[in-house]
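Biologist: I have not looked at this one before. Can we go through its pockets and its ligand?

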Amino acid sequence: MKTILVTGANRGIGFEIVRQLTKLGHTVILTARHAGAGETAVEKLASEGLKVHFMPLDVTDGRQIKDSVEEVRNRFGRLDVLINNAGIMPAGDKSILETDPEITRLIIATNALAPLHLSQAFINCMNREGRIIMMSSSGGSMTEAIGGWSPVYCVSKTMLNAFTRHLAFALSGKGISVNAMCPGWVRTQLGGPNAPRNVEQGADTAVWLSGCADPGSGRIWQDRQEIPW
Ligand code: NDP
């Protein structure tokens with residue numbers, strides 16, 4: 001059984017990933033930027049008979065990243081899987097011709113830079129066979145046609161995909177794999193009520209990547225299948 005940390009896990013796909021991994025018997029650390037929301041999520045899982053651990057973690061806060069690495073090391077000894085799930089898609093991200101610089105900075109910091117910084121920090125408490133999973137999006141694809149929706153969000157996921165490939169290359173000698181995935185369009189606060197998928201479907205590939213025999217490294221996945229970048 002593995003020790004697995006999930007970011008942005010108080011709701012949505014991250015919460016469901018925690019639920020499924022805990023049901024499989026893993027030791028799961030649910031993290032959230034607001035302690036109250038994180039504790040409520042932990043209590044909800046406890047009411048289903050599932051015991052998870054909580055740590056506060058705003059993924060854009062370098063101090064909190066350092067503290068959480070120390071806490072994982074002290075409480076659990078090591079981390080086997082890091083799931084960089086936290087992400088934002090603010091309503092103001094409408095047109096690439098009029099993007100607000102502050103919104104642009106916030107999206108890039110949360111969706112692309114934070115997963116990079118978390119990965120850099122947590123590899124120090126991973127053994128060989130450690131795994132890093134990036135929650136990306138087909139919106140970041142360089143293969144599919146541009147849709148025009150939430151352009152900075154899409155660019156942030158393209159950047160996340162590029163970080164995934166470069167991290168995978170840099171970590172190949174250490175035996176730590178780095179993969180990205182798209183959950184599909186999922187009914188969450190971010191995905192909205194019209195999305196065709198439920199959170200169980202959205203969480204599935206992350207759960208599978210956490211435990212499957214050998215996912216390779218530097219790849220992007222959807223529905224347990226490799227997809228083009
Ligand atoms: P939700 O909006 O339901 O959940 C997003 C989570 O990220 C929340 O827990 C939120 O916390 C957290 N979060 C945001 N900013 C931070 C931060 N600075 N530090 C820590 N946590 C933070 O979205 P989803 O569950 O749908 O999205 C999860 C991931 O899946 C995202 O990376 C998203 O881009 C990706 N994705 C989702 C798709 C979809 O259709 N839903 C499609 C493709 C990709 P808080 O409650 O405090 O805001």
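**Pockets and ligand**

Modeller: About 230 Å³ is the volume of the second largest pocket (a volume is the space filled by probe spheres set on grid points joined across faces, edges and corners). A pocket is an open set of points on a 1 Å grid over the protein atoms alone, where a 1.4 Å probe fits, with protein on both sides within 12 Å along at least five of seven lines; lining residues have an atom within 4 Å of a point.

Biologist: Which residues lie nearest the centre of the second largest pocket?

Modeller: G139, A145, I146, G147 and C154, out of 16 that line the pocket. This is a predicted model, where local features need pLDDT of at least 70, side-chain atom pairs need 80 or more, and totals for chains, interfaces and linings use all residues. Numbering starts from 1 along each chain as its sequence is written, and side-chain values use heavy atoms, without hydrogens or water.

Biologist: And how much space lies in the largest pocket?

Modeller: About 1,100 Å³. Its lining has 38 residues, with G87, I88, M89, T188 and L190 closest to the centre.

Biologist: What takes up the space of the largest pocket?

Modeller: The ligand does.

Biologist: Which polar side-chain atom lies 2.5 Å from a ligand oxygen?

Modeller: One of T188. An N or O atom in the side chain of R11 is 2.7 Å from a ligand oxygen, and a backbone N or O atom of V59 is 3.0 Å from a ligand nitrogen. A polar contact here is a pair of N or O atoms within 3.5 Å.

Technical notes
Polar contact = N/O pair within 3.5 Å; in protein donor to acceptor, adjacent residues only side chain to side chain. Sits in = over half its atoms within 2 Å of the grid points.
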